[in-house]
Amino acid sequence: MNAFWTLVGRDIRLAVREGGALGTALGFFLIVVAMMPLGLGPDLNLLSRIAPGILWIALLLAALLSLGRIFETDYEDGTLDVFATASLPLELVAAAKALAHWLTTGIPLALLAPVLGVLLNLDVKTYPVLMATMLVGTPAVSFLGAIGAALTVKARRGGLLLALIVLPLYVPTLIFGISVISASAGPSGVGSSFLILMAISLISIALGPLAAAAALRIQLQ
Amino acid sequence: MHRKTEAGVNIGRRPCAVVPPGGWPRRLPPPFNPCFHEPAIVKLVAENLVVDRGGRTILDGLSLAAIGGEALLLTGPNGAGKTTLLRTLAGFLPQVSGTIRFEGGDADKTIAEQAHVVGHGNGVKANLTVHENLLFWAAFLETEAAAERVRTALTHFGLDALDHYPAAYLSAGQKRRLGLARLLVAHRPLWFLDEPTMSLDTASTTRLAVAIDAHTAGGGLVLAATHLPLGLARARTFDLPSALPGFRTTAAEARL
(Lines give C-alpha, C1' and ligand atoms only; values in the text may rest on other atoms or scores of the structure.)
Protein backbone atom coordinates (compact mmCIF):
# COMPACT_ATOMS: atom_id res chain seq x y z
CA MET A 1 0.00 0.00 0.00
CA ASN A 2 3.01 2.30 0.29
CA ALA A 3 3.08 2.63 -3.48
CA PHE A 4 -0.60 3.66 -3.39
CA TRP A 5 -0.04 6.54 -0.95
CA THR A 6 3.18 7.52 -2.73
CA LEU A 7 1.17 7.92 -5.92
CA VAL A 8 -1.60 9.90 -4.17
CA GLY A 9 1.07 12.14 -2.64
CA ARG A 10 2.78 12.71 -5.97
CA ASP A 11 -0.48 13.60 -7.71
CA ILE A 12 -1.42 16.08 -4.99
CA ARG A 13 2.03 17.63 -5.19
CA LEU A 14 1.77 17.90 -8.97
CA ALA A 15 -1.71 19.43 -8.75
CA VAL A 16 -0.48 22.03 -6.25
CA ARG A 17 2.61 22.87 -8.33
CA GLU A 18 0.75 23.06 -11.61
CA GLY A 19 -1.97 25.11 -9.96
CA GLY A 20 -3.56 25.94 -13.28
CA ALA A 21 -5.97 23.03 -13.39
CA LEU A 22 -7.55 23.72 -10.01
CA GLY A 23 -7.60 27.44 -10.70
CA THR A 24 -9.39 26.82 -14.00
CA ALA A 25 -11.99 24.59 -12.35
CA LEU A 26 -12.67 27.06 -9.52
CA GLY A 27 -12.70 30.00 -11.92
CA PHE A 28 -15.11 28.25 -14.27
CA PHE A 29 -17.40 27.38 -11.34
CA LEU A 30 -17.40 31.04 -10.26
CA ILE A 31 -18.05 32.42 -13.74
CA VAL A 32 -20.91 30.05 -14.59
CA VAL A 33 -22.69 30.73 -11.30
CA ALA A 34 -22.05 34.47 -11.53
CA MET A 35 -23.58 34.61 -15.02
CA MET A 36 -26.83 32.96 -13.97
CA PRO A 37 -28.40 36.02 -12.24
CA LEU A 38 -27.35 38.12 -15.24
CA GLY A 39 -29.18 35.78 -17.58
CA LEU A 40 -32.24 35.12 -15.43
CA GLY A 41 -32.86 38.62 -14.13
CA PRO A 42 -33.00 39.86 -10.54
CA ASP A 43 -35.88 37.68 -9.40
CA LEU A 44 -34.62 36.67 -5.94
CA ASN A 45 -37.33 34.08 -5.29
CA LEU A 46 -36.65 32.35 -8.60
CA LEU A 47 -32.88 32.41 -8.00
CA SER A 48 -33.07 30.97 -4.52
CA ARG A 49 -35.41 28.24 -5.74
CA ILE A 50 -33.10 27.09 -8.55
CA ALA A 51 -29.82 27.82 -6.72
CA PRO A 52 -29.07 24.21 -5.62
CA GLY A 53 -29.58 22.94 -9.16
CA ILE A 54 -27.37 25.63 -10.68
CA LEU A 55 -24.63 25.04 -8.13
CA TRP A 56 -24.66 21.27 -8.68
CA ILE A 57 -24.65 21.52 -12.49
CA ALA A 58 -21.90 24.14 -12.45
CA LEU A 59 -19.89 21.94 -10.09
CA LEU A 60 -20.21 18.94 -12.41
CA LEU A 61 -19.15 21.00 -15.43
CA ALA A 62 -16.22 22.51 -13.54
CA ALA A 63 -15.07 19.08 -12.37
CA LEU A 64 -15.39 17.83 -15.95
CA LEU A 65 -12.82 20.39 -17.08
CA SER A 66 -10.13 18.85 -14.91
CA LEU A 67 -10.97 15.18 -15.52
CA GLY A 68 -8.87 14.88 -18.67
CA ARG A 69 -5.81 15.57 -16.57
CA ILE A 70 -6.17 12.37 -14.53
CA PHE A 71 -4.44 10.08 -17.03
CA GLU A 72 -3.56 12.25 -20.02
CA THR A 73 -0.16 13.57 -18.94
CA ASP A 74 0.83 10.15 -17.61
CA TYR A 75 0.01 8.62 -20.96
CA GLU A 76 1.88 11.29 -22.90
CA ASP A 77 5.14 11.10 -20.95
CA GLY A 78 5.25 7.30 -20.75
CA THR A 79 4.48 7.13 -17.02
CA LEU A 80 1.54 4.82 -17.73
CA ASP A 81 3.92 2.15 -19.09
CA VAL A 82 5.81 2.20 -15.82
CA PHE A 83 2.57 1.99 -13.82
CA ALA A 84 1.79 -1.17 -15.76
CA THR A 85 5.06 -2.74 -14.58
CA ALA A 86 4.49 -1.98 -10.89
CA SER A 87 3.43 -4.61 -8.43
CA LEU A 88 0.58 -2.28 -7.50
CA PRO A 89 -2.37 -3.43 -9.65
CA LEU A 90 -3.60 -1.00 -12.29
CA GLU A 91 -6.96 -0.90 -10.47
CA LEU A 92 -5.30 0.63 -7.42
CA VAL A 93 -3.29 2.99 -9.63
CA ALA A 94 -6.60 4.24 -11.06
CA ALA A 95 -8.09 4.46 -7.55
CA ALA A 96 -5.10 6.45 -6.27
CA LYS A 97 -5.33 8.90 -9.15
CA ALA A 98 -9.10 9.32 -8.74
CA LEU A 99 -8.65 9.86 -4.99
CA ALA A 100 -6.00 12.51 -5.65
CA HIS A 101 -8.38 14.17 -8.12
CA TRP A 102 -11.14 14.24 -5.51
CA LEU A 103 -8.81 15.72 -2.88
CA THR A 104 -7.51 18.42 -5.20
CA THR A 105 -10.69 19.25 -7.15
CA GLY A 106 -13.83 17.80 -5.55
CA ILE A 107 -13.19 19.16 -2.06
CA PRO A 108 -12.16 22.71 -3.13
CA LEU A 109 -15.24 22.95 -5.40
CA ALA A 110 -17.54 21.75 -2.60
CA LEU A 111 -16.01 24.29 -0.22
CA LEU A 112 -16.46 27.11 -2.73
CA ALA A 113 -20.15 26.30 -3.35
CA PRO A 114 -21.58 28.12 -0.26
CA VAL A 115 -19.63 31.23 -1.19
CA LEU A 116 -21.25 31.19 -4.61
CA GLY A 117 -24.62 30.46 -2.99
CA VAL A 118 -24.60 34.08 -1.84
CA LEU A 119 -24.73 35.17 -5.49
CA LEU A 120 -27.93 33.14 -5.96
CA ASN A 121 -29.69 34.24 -2.77
CA LEU A 122 -29.51 30.69 -1.44
CA ASP A 123 -31.16 30.30 1.97
CA VAL A 124 -28.44 30.37 4.64
CA LYS A 125 -30.05 27.42 6.44
CA THR A 126 -29.36 25.12 3.48
CA TYR A 127 -25.60 25.86 3.39
CA PRO A 128 -24.59 22.95 5.67
CA VAL A 129 -26.79 20.53 3.73
CA LEU A 130 -25.47 21.79 0.39
CA MET A 131 -21.85 21.37 1.47
CA ALA A 132 -22.54 17.95 2.96
CA THR A 133 -24.17 16.70 -0.26
CA MET A 134 -21.31 18.04 -2.34
CA LEU A 135 -18.62 16.53 -0.14
CA VAL A 136 -20.42 13.18 -0.15
CA GLY A 137 -21.37 13.33 -3.85
CA THR A 138 -18.07 14.46 -5.39
CA PRO A 139 -16.19 11.15 -4.90
CA ALA A 140 -18.61 9.73 -7.49
CA VAL A 141 -17.65 12.62 -9.78
CA SER A 142 -13.94 11.74 -9.56
CA PHE A 143 -14.21 7.95 -9.61
CA LEU A 144 -16.77 7.81 -12.46
CA GLY A 145 -14.81 10.51 -14.24
CA ALA A 146 -11.72 8.32 -14.08
CA ILE A 147 -13.50 5.81 -16.33
CA GLY A 148 -14.13 8.45 -18.99
CA ALA A 149 -10.62 9.84 -18.60
CA ALA A 150 -9.12 6.37 -19.09
CA LEU A 151 -11.28 5.72 -22.16
CA THR A 152 -10.39 8.98 -23.89
CA VAL A 153 -6.70 9.10 -22.96
CA LYS A 154 -5.56 8.41 -26.51
CA ALA A 155 -8.14 10.63 -28.21
CA ARG A 156 -6.54 13.92 -29.13
CA ARG A 157 -8.70 16.77 -27.87
CA GLY A 158 -11.02 14.17 -26.34
CA GLY A 159 -12.60 16.73 -24.01
CA LEU A 160 -15.98 16.74 -25.67
CA LEU A 161 -16.04 12.96 -25.98
CA LEU A 162 -15.19 12.76 -22.29
CA ALA A 163 -18.17 14.99 -21.49
CA LEU A 164 -20.50 12.80 -23.56
CA ILE A 165 -19.30 9.65 -21.81
CA VAL A 166 -19.20 10.96 -18.28
CA LEU A 167 -22.10 13.40 -17.89
CA PRO A 168 -24.84 10.71 -18.24
CA LEU A 169 -23.10 8.78 -15.46
CA TYR A 170 -23.44 11.82 -13.20
CA VAL A 171 -27.26 11.90 -13.50
CA PRO A 172 -27.97 9.80 -10.35
CA THR A 173 -25.57 11.92 -8.28
CA LEU A 174 -27.22 15.09 -9.56
CA ILE A 175 -30.77 13.85 -8.90
CA PHE A 176 -30.08 12.71 -5.36
CA GLY A 177 -27.81 15.65 -4.59
CA ILE A 178 -30.68 18.02 -5.40
CA SER A 179 -33.33 15.89 -3.72
CA VAL A 180 -31.39 15.94 -0.44
CA ILE A 181 -31.43 19.73 -0.50
CA SER A 182 -35.13 20.01 -1.34
CA ALA A 183 -35.99 17.32 1.23
CA SER A 184 -34.11 19.22 3.92
CA ALA A 185 -36.77 21.95 3.73
CA GLY A 186 -39.63 19.44 4.01
CA PRO A 187 -40.94 17.53 7.04
CA SER A 188 -39.36 14.14 6.28
CA GLY A 189 -35.74 15.31 6.56
CA VAL A 190 -32.74 14.38 4.47
CA GLY A 191 -32.38 10.72 5.56
CA SER A 192 -33.06 8.40 2.64
CA SER A 193 -31.85 10.62 -0.22
CA PHE A 194 -28.63 11.31 1.63
CA LEU A 195 -28.03 7.60 2.13
CA ILE A 196 -28.66 6.90 -1.55
CA LEU A 197 -26.20 9.68 -2.48
CA MET A 198 -23.62 8.02 -0.24
CA ALA A 199 -24.37 4.64 -1.79
CA ILE A 200 -23.82 6.06 -5.29
CA SER A 201 -20.43 7.37 -4.23
CA LEU A 202 -19.45 4.10 -2.58
CA ILE A 203 -20.46 2.08 -5.65
CA SER A 204 -18.46 4.47 -7.84
CA ILE A 205 -15.42 4.11 -5.59
CA ALA A 206 -15.70 0.33 -5.78
CA LEU A 207 -16.43 -0.08 -9.48
CA GLY A 208 -14.89 3.00 -11.10
CA PRO A 209 -11.25 1.88 -10.69
CA LEU A 210 -12.05 -1.57 -12.11
CA ALA A 211 -13.54 -0.08 -15.26
CA ALA A 212 -10.81 2.55 -15.54
CA ALA A 213 -8.07 -0.08 -15.22
CA ALA A 214 -9.70 -2.22 -17.91
CA ALA A 215 -9.77 0.83 -20.20
CA LEU A 216 -6.13 1.64 -19.38
CA ARG A 217 -5.04 -1.90 -20.30
CA ILE A 218 -6.56 -1.37 -23.74
CA GLN A 219 -4.82 2.02 -24.03
CA LEU A 220 -1.45 0.37 -23.27
CA GLN A 221 -1.70 -1.51 -26.54
CA MET B 1 32.42 -23.51 -6.88
CA HIS B 2 30.80 -21.52 -9.60
CA ARG B 3 30.93 -22.77 -13.09
CA LYS B 4 31.23 -20.16 -15.73
CA THR B 5 29.70 -20.16 -19.17
CA GLU B 6 31.44 -18.48 -22.05
CA ALA B 7 29.35 -15.44 -21.37
CA GLY B 8 30.78 -15.23 -17.87
CA VAL B 9 27.53 -15.91 -16.07
CA ASN B 10 27.53 -17.73 -12.80
CA ILE B 11 25.56 -20.90 -13.00
CA GLY B 12 25.23 -23.62 -10.46
CA ARG B 13 24.92 -23.13 -6.74
CA ARG B 14 27.28 -23.18 -3.84
CA PRO B 15 26.59 -26.31 -1.82
CA CYS B 16 25.04 -25.62 1.51
CA ALA B 17 27.04 -27.35 4.25
CA VAL B 18 25.59 -26.07 7.52
CA VAL B 19 22.05 -24.86 7.90
CA PRO B 20 20.97 -23.36 11.22
CA PRO B 21 17.35 -23.92 12.22
CA GLY B 22 15.23 -21.53 10.22
CA GLY B 23 17.88 -21.17 7.54
CA TRP B 24 20.54 -18.53 7.01
CA PRO B 25 19.41 -14.96 6.72
CA ARG B 26 19.09 -14.45 3.01
CA ARG B 27 20.48 -10.95 3.01
CA LEU B 28 23.89 -11.93 4.34
CA PRO B 29 26.53 -11.49 1.62
CA PRO B 30 28.37 -14.57 0.31
CA PRO B 31 31.54 -14.73 2.44
CA PHE B 32 29.50 -14.80 5.65
CA ASN B 33 26.71 -16.92 4.35
CA PRO B 34 27.61 -20.45 3.32
CA CYS B 35 24.21 -20.91 1.76
CA PHE B 36 24.22 -17.87 -0.46
CA HIS B 37 22.45 -18.83 -3.64
CA GLU B 38 23.20 -17.18 -6.88
CA PRO B 39 19.95 -15.95 -8.33
CA ALA B 40 18.45 -18.56 -10.62
CA ILE B 41 19.30 -18.18 -14.28
CA VAL B 42 16.52 -16.27 -15.95
CA LYS B 43 15.38 -17.09 -19.43
CA LEU B 44 12.86 -15.42 -21.67
CA VAL B 45 11.42 -17.63 -24.38
CA ALA B 46 8.95 -16.68 -27.07
CA GLU B 47 7.66 -19.30 -29.46
CA ASN B 48 5.81 -18.83 -32.74
CA LEU B 49 4.67 -15.37 -31.80
CA VAL B 50 2.03 -13.86 -34.08
CA VAL B 51 1.04 -10.27 -33.34
CA ASP B 52 -1.42 -8.10 -35.25
CA ARG B 53 -1.62 -4.34 -35.05
CA GLY B 54 -4.22 -2.33 -36.89
CA GLY B 55 -5.37 -5.37 -38.84
CA ARG B 56 -1.90 -6.20 -40.17
CA THR B 57 0.34 -9.00 -39.03
CA ILE B 58 3.50 -7.36 -37.72
CA LEU B 59 5.18 -10.40 -36.19
CA ASP B 60 4.52 -13.66 -38.00
CA GLY B 61 5.71 -16.80 -36.26
CA LEU B 62 8.64 -15.22 -34.47
CA SER B 63 10.60 -17.31 -31.99
CA LEU B 64 13.42 -16.14 -29.76
CA ALA B 65 15.17 -17.15 -26.57
CA ALA B 66 17.30 -14.92 -24.39
CA ILE B 67 19.23 -16.08 -21.34
CA GLY B 68 20.16 -14.03 -18.28
CA GLY B 69 23.60 -12.53 -18.66
CA GLU B 70 23.21 -11.33 -22.19
CA ALA B 71 21.91 -8.27 -23.93
CA LEU B 72 19.80 -9.03 -26.97
CA LEU B 73 19.87 -6.14 -29.42
CA LEU B 74 16.83 -6.08 -31.69
CA THR B 75 17.67 -4.56 -35.01
CA GLY B 76 15.67 -4.15 -38.16
CA PRO B 77 14.32 -1.47 -40.46
CA ASN B 78 11.69 1.02 -39.29
CA GLY B 79 8.36 -0.73 -39.03
CA ALA B 80 9.92 -4.17 -38.61
CA GLY B 81 8.11 -4.59 -35.29
CA LYS B 82 10.81 -3.92 -32.69
CA THR B 83 8.52 -1.87 -30.44
CA THR B 84 5.67 -4.31 -31.05
CA LEU B 85 7.89 -7.22 -30.01
CA LEU B 86 9.09 -5.48 -26.84
CA ARG B 87 5.57 -4.49 -25.80
CA THR B 88 4.25 -7.97 -26.54
CA LEU B 89 7.00 -9.59 -24.46
CA ALA B 90 6.24 -7.16 -21.63
CA GLY B 91 2.61 -8.25 -21.78
CA PHE B 92 1.17 -4.91 -22.90
CA LEU B 93 0.07 -6.21 -26.30
CA PRO B 94 -1.91 -9.42 -26.71
CA GLN B 95 -0.55 -11.98 -29.15
CA VAL B 96 -2.79 -13.71 -31.67
CA SER B 97 -1.00 -16.99 -31.06
CA GLY B 98 2.25 -18.25 -29.64
CA THR B 99 3.62 -18.43 -26.11
CA ILE B 100 5.86 -16.27 -23.95
CA ARG B 101 7.58 -17.82 -20.95
CA PHE B 102 9.84 -16.27 -18.36
CA GLU B 103 11.79 -18.94 -16.50
CA GLY B 104 13.77 -18.55 -13.31
CA GLY B 105 11.84 -15.52 -12.14
CA ASP B 106 9.20 -15.07 -9.48
CA ALA B 107 6.35 -17.38 -10.46
CA ASP B 108 3.84 -15.22 -8.59
CA LYS B 109 4.55 -12.18 -10.70
CA THR B 110 3.77 -11.32 -14.31
CA ILE B 111 6.61 -10.59 -16.71
CA ALA B 112 5.80 -6.88 -16.55
CA GLU B 113 6.18 -6.87 -12.76
CA GLN B 114 9.71 -8.25 -13.12
CA ALA B 115 10.71 -5.87 -15.89
CA HIS B 116 11.74 -2.30 -16.45
CA VAL B 117 10.19 -0.86 -19.56
CA VAL B 118 11.76 2.26 -21.04
CA GLY B 119 9.74 3.25 -24.06
CA HIS B 120 9.70 6.38 -26.17
CA GLY B 121 8.49 8.40 -23.19
CA ASN B 122 10.72 8.94 -20.20
CA GLY B 123 8.16 8.93 -17.40
CA VAL B 124 9.54 12.24 -16.18
CA LYS B 125 7.26 14.85 -14.58
CA ALA B 126 8.19 18.39 -15.55
CA ASN B 127 6.97 19.89 -12.27
CA LEU B 128 9.03 17.65 -10.04
CA THR B 129 12.76 18.09 -9.51
CA VAL B 130 15.19 15.53 -10.87
CA HIS B 131 15.64 14.08 -7.39
CA GLU B 132 11.89 13.97 -6.66
CA ASN B 133 11.22 12.20 -9.95
CA LEU B 134 13.61 9.38 -9.13
CA LEU B 135 12.62 9.23 -5.48
CA PHE B 136 9.00 8.79 -6.56
CA TRP B 137 9.88 5.87 -8.82
CA ALA B 138 12.01 4.29 -6.11
CA ALA B 139 9.10 4.49 -3.64
CA PHE B 140 6.49 3.50 -6.20
CA LEU B 141 8.44 0.46 -7.38
CA GLU B 142 8.93 -0.46 -3.71
CA THR B 143 12.68 -0.40 -3.45
CA GLU B 144 14.62 -0.88 -0.26
CA ALA B 145 17.27 1.71 0.60
CA ALA B 146 15.63 4.10 -1.87
CA ALA B 147 17.65 7.22 -1.01
CA GLU B 148 20.95 5.44 -1.50
CA ARG B 149 19.93 3.89 -4.82
CA VAL B 150 18.61 7.20 -6.12
CA ARG B 151 21.96 8.79 -5.27
CA THR B 152 23.86 6.03 -7.12
CA ALA B 153 21.58 6.25 -10.15
CA LEU B 154 21.93 10.04 -10.35
CA THR B 155 25.70 9.80 -10.11
CA HIS B 156 25.88 7.08 -12.74
CA PHE B 157 23.98 9.10 -15.31
CA GLY B 158 25.79 12.32 -14.43
CA LEU B 159 22.71 14.11 -13.07
CA ASP B 160 24.23 14.96 -9.69
CA ALA B 161 24.63 18.64 -10.39
CA LEU B 162 21.03 18.94 -11.61
CA ASP B 163 19.65 17.25 -8.50
CA HIS B 164 17.25 19.98 -7.32
CA TYR B 165 16.48 21.39 -10.72
CA PRO B 166 12.90 21.07 -12.01
CA ALA B 167 12.78 18.47 -14.78
CA ALA B 168 10.94 20.98 -17.00
CA TYR B 169 14.23 22.79 -17.66
CA LEU B 170 16.22 19.70 -18.67
CA SER B 171 17.33 19.17 -22.24
CA ALA B 172 15.94 16.21 -24.20
CA GLY B 173 19.12 14.21 -23.57
CA GLN B 174 19.10 14.99 -19.86
CA LYS B 175 15.45 13.92 -19.63
CA ARG B 176 16.36 10.67 -21.36
CA ARG B 177 19.16 10.12 -18.84
CA LEU B 178 16.70 10.71 -16.01
CA GLY B 179 14.31 8.22 -17.62
CA LEU B 180 17.11 5.67 -17.87
CA ALA B 181 18.23 6.32 -14.27
CA ARG B 182 14.98 4.62 -13.25
CA LEU B 183 16.59 1.32 -14.34
CA LEU B 184 19.00 1.60 -11.43
CA VAL B 185 16.63 2.63 -8.62
CA ALA B 186 14.81 -0.69 -8.45
CA HIS B 187 16.21 -4.09 -9.27
CA ARG B 188 14.30 -5.94 -11.96
CA PRO B 189 15.84 -8.91 -13.79
CA LEU B 190 14.42 -7.92 -17.17
CA TRP B 191 15.06 -4.67 -19.00
CA PHE B 192 13.05 -3.79 -22.09
CA LEU B 193 14.62 -0.76 -23.73
CA ASP B 194 13.07 0.84 -26.78
CA GLU B 195 15.57 3.09 -28.56
CA PRO B 196 17.37 3.81 -25.27
CA THR B 197 20.02 5.98 -26.91
CA MET B 198 17.46 8.43 -28.32
CA SER B 199 18.90 11.98 -27.95
CA LEU B 200 21.85 10.78 -25.84
CA ASP B 201 25.34 12.12 -26.44
CA THR B 202 28.36 9.81 -26.81
CA ALA B 203 29.38 10.01 -23.16
CA SER B 204 25.85 9.19 -21.97
CA THR B 205 25.62 6.30 -24.42
CA THR B 206 28.77 4.89 -22.82
CA ARG B 207 27.24 5.31 -19.35
CA LEU B 208 24.18 3.42 -20.55
CA ALA B 209 26.40 0.65 -21.98
CA VAL B 210 28.19 0.41 -18.61
CA ALA B 211 24.84 0.11 -16.82
CA ILE B 212 23.68 -2.60 -19.24
CA ASP B 213 26.98 -4.49 -18.85
CA ALA B 214 26.72 -4.32 -15.05
CA HIS B 215 23.15 -5.62 -15.24
CA THR B 216 24.02 -8.55 -17.50
CA ALA B 217 27.11 -9.33 -15.42
CA GLY B 218 24.75 -9.80 -12.47
CA GLY B 219 22.68 -12.30 -14.42
CA GLY B 220 20.12 -9.81 -15.70
CA LEU B 221 18.61 -9.87 -19.13
CA VAL B 222 18.40 -6.87 -21.44
CA LEU B 223 16.35 -6.61 -24.62
CA ALA B 224 17.00 -3.40 -26.47
CA ALA B 225 15.69 -2.13 -29.77
CA THR B 226 18.50 -0.03 -31.08
CA HIS B 227 20.29 1.03 -34.23
CA LEU B 228 23.61 1.68 -32.48
CA PRO B 229 26.10 -1.08 -31.62
CA LEU B 230 26.51 0.36 -28.04
CA GLY B 231 29.81 -1.52 -27.53
CA LEU B 232 28.46 -4.00 -25.03
CA ALA B 233 30.51 -6.81 -23.51
CA ARG B 234 27.88 -9.54 -23.78
CA ALA B 235 25.58 -8.71 -26.62
CA ARG B 236 23.87 -10.68 -29.33
CA THR B 237 21.99 -9.22 -32.25
CA PHE B 238 18.58 -10.40 -33.31
CA ASP B 239 17.60 -9.10 -36.69
CA LEU B 240 13.90 -8.63 -37.34
CA PRO B 241 13.13 -8.94 -41.01
CA SER B 242 10.49 -6.55 -42.18
CA ALA B 243 7.13 -8.27 -42.20
CA LEU B 244 5.62 -5.88 -44.68
CA PRO B 245 6.93 -5.71 -48.22
CA GLY B 246 6.17 -2.00 -48.37
CA PHE B 247 8.57 -1.28 -45.53
CA ARG B 248 11.51 -3.16 -46.94
CA THR B 249 14.11 -1.08 -48.68
CA THR B 250 15.74 -3.16 -51.37
CA ALA B 251 19.29 -2.59 -52.50
CA ALA B 252 18.04 -1.09 -55.74
CA GLU B 253 15.87 1.46 -53.91
CA ALA B 254 18.67 2.31 -51.50
CA ARG B 255 20.88 3.40 -54.36
CA LEU B 256 18.38 5.96 -55.61
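**Helix H2 of chain B, the enclosed cavity and Ser204(A)**

In this predicted model, Glu142(B), just after helix H2 of chain B, adopts a positive phi of about 55°. The helix itself spans residues 130–140 and is mostly covered, with nine of its eleven residues buried. These buried residues are Val130(B), His131(B), Glu132(B), Asn133(B), Leu134(B), Phe136(B), Trp137(B), Ala138(B) and Phe140(B). Their packing partners come from both chains: helices H1 (2–18), H5 (79–84) and H6 (90–117) of chain A, and helices H3 (146–156) and H4 (172–185) of chain B.

A search for enclosed space gave one cavity of 30 Å³ or more. The volume of the largest cavity is about 30 Å³. Its lining consists of Asn122(B), Gly123(B), Val124(B), Asn133(B), Leu134(B), Trp137(B), Leu178(B), Gly179(B) and Arg182(B). H2 and H4 of chain B are the elements that contribute two or more residues to this lining. By residue class, the lining of the largest cavity comprises four nonpolar, four polar and one charged residue. Asn133(B), Leu134(B) and Trp137(B), listed among the buried residues of H2(B), also appear in the lining of the largest cavity.

In chain A, Ser204(A) lies in helix H10, which covers residues 191–220. Ser204(A) has a relative accessible area of 4% and is therefore classed as buried, the cut-off being under 20%. The side chain of Ser204(A) approaches the backbone oxygen of Ile200(A) at 2.7 Å. When residues up to four places away in sequence are not counted, Ser204(A) is in contact with Ala140(A), Phe143(A), Leu144(A) and Pro209(A).

Conventions: Residues are numbered from 1 along each chain as its sequence is written. Chains are lettered from A and ligands numbered from 1 in the order in which they are written. This is a predicted model: local features need pLDDT of at least 70, side-chain atom pairs count only at pLDDT 80 or more; totals for chains, interfaces and linings use all residues. Side-chain values use heavy atoms; hydrogens and water are left out. Buried means under 20% relative accessible area, exposed over 50%, partly exposed in between (1.4 Å probe, protein chains only). Helices (H or I, at least four residues) and strands (E, at least two) are DSSP runs, numbered from the N terminus. Contact means heavy atoms within 4.5 Å. A polar contact is a pair of N or O atoms within 3.5 Å; within protein, one must be able to donate a hydrogen and the other to accept it, and residues adjacent in sequence count only if both atoms are side-chain atoms. On a 1 Å grid over the protein atoms alone, a cavity is a set of points where a 1.4 Å probe fits but cannot get out, and a pocket is an open set with protein on both sides within 12 Å along at least five of seven lines; lining residues have an atom within 4 Å of a point. Grid points are joined across faces, edges and corners, and a volume is the space filled by probe spheres set on the points. Ala, Val, Leu, Ile, Met, Phe, Trp, Tyr, Cys and Pro count as nonpolar, Asp, Glu, Lys and Arg as charged, and the others, Gly among them, as polar.
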